[in-house]
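This report is an introduction for a reader who has not met the structure before. Please look over the sequence and the model, and then read on.

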Amino acid sequence: MNNSNHTQRIQGAVSTFLRVFSTLLIVLLASISCAPHSYEIRSAEVSPEQYKELSCTEIHAEMNSHLRKLQELGRDIDEEAETDETQTAVGVILFWPVLFWLEGSDTPEAQEYAQIRGEMLALEHTAILKDCVEAMALATEWREKEEALRTDMEKKKKEQQMQHTYEEE
């Protein structure tokens with residue numbers, strides 16, 4: 001009898017370990033494959049050299065065009081990230097095969113966003129070198145909006161984590 005109890009305890013411990021391990025693995029894989037929010041995408045490296053011949057007016061116009069594209073792409077990217085987060089939650093809790101349909105972080109939209117963001121930084125660099133006041137002001141406004149978005153999203157994530165922590169207790 002004693003040997004049988006010992007075997008059952010070992011099997012129970014192994015079973016619990018495997019359940020915990022598989023759950024953690026699924027969560028890890030899901031978090032890696034989720035589409036990023038726009039504020040999490042790093043800029044591509046773009047040389048400001050290509051913009052050195054532009055006038056201040058042209059730099060300003062180019063920046064405005066890039067900002068419109070960034071806003072549109074950013075909206076789409078953030079919606080995709082929210083969808084992926086929802087699918088991850090559903091997948092981890094209810095039906096893990098749904099995790100295979102997540103977009104991942106290397107979508108064409110994310111690559112385009114990184115490129116345009118890099119071009120914006122190159123335009124900003126050129127505007128500073130040429131002392132283009134209007135373009136520099138536009139770049140400053142853009143950076144402030146990006147920082148506000150980043151701060152808001154990080155605050156939202158912390159609130160969700162706190163809510164999740166309280167729900168577990």
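What percentage of the contacts in the protein with a separation of 6 or more is accounted for by residues 24 or more positions apart? In this model, which is predicted, such residues account for 83% of those contacts.

## Overall architecture

The secondary structure of the protein comes to 4 helices and 0 strands, and when the sequence is read along its course the pattern that emerges is α-α-α-α. Helix 2 covers residues 56-93 and helix 3 covers residues 108-130, while helix 4 takes in residues 133-168.

## Burial and surface

The protein has 169 residues, of which 29% count as buried. Its exposed area comes to about 11800 Å², and carbon and sulfur atoms supply 57% of that area.

## A negative patch on two helices

On the surface, the residues Glu72, Asp76, Glu79, Glu109 and Glu112 form a negative patch. Helix 2 and helix 3 each contribute at least two residues to the negative patch, and the largest share, 3 residues, comes from helix 2.

One member of the patch, glutamate 112, is found in helix 3. Its relative accessible area is 41%, and glutamate 112 is therefore partly exposed, since that class lies between the limits of 20% and 50%.

## A buried arginine in helix 3

Arginine 117 also lies in helix 3. Is arginine 117 buried or exposed? The relative accessibility of arginine 117 is 12%, so this residue counts as buried, the cut-off for that class being under 20%.

Which residues does arginine 117 touch, when those up to four places away in sequence are not counted? Arginine 117 touches Ile41, Ser43, Leu70, Trp142, Glu146 and Arg150. Of these, Leu70 has a number that falls within helix 2, residues 56-93, whereas Trp142, Glu146 and Arg150 have numbers that fall within helix 4, residues 133-168.

## A partly exposed alanine in helix 4

Alanine 137 lies in helix 4, and because its relative accessibility is 45%, alanine 137 counts as partly exposed. What separation is found between the C-alpha atoms of alanine 137 and glutamate 124, which are 13 residues apart along the chain? These two C-alpha atoms are separated by 9.6 Å, and the number of glutamate 124 falls within helix 3, residues 108-130.

Note on methods
Residues are numbered from 1 along each chain as its sequence is written. This is a predicted model: local features need pLDDT of at least 70, side-chain atom pairs count only at pLDDT 80 or more; totals for chains, interfaces and linings use all residues. Side-chain values use heavy atoms; hydrogens and water are left out. Buried means under 20% relative accessible area, exposed over 50%, partly exposed in between (1.4 Å probe, protein chains only). Contact means heavy atoms within 4.5 Å. Accessible areas come from the Shrake-Rupley method with a 1.4 Å probe; for residues, only the protein chains shown count as cover. Patches are made of residues with over 30% relative accessible area and no salt bridge: like charges are joined within 9 Å, nonpolar side chains (Val, Leu, Ile, Met, Phe, Trp, Tyr) within 5 Å. A salt bridge is a side-chain nitrogen of Lys or Arg within 4 Å of a carboxyl oxygen of Asp or Glu. Lys and Arg count as positive and Asp and Glu as negative; His and the chain ends are not counted. The place of a charge is taken as NZ of Lys, CZ of Arg, CG of Asp or CD of Glu.
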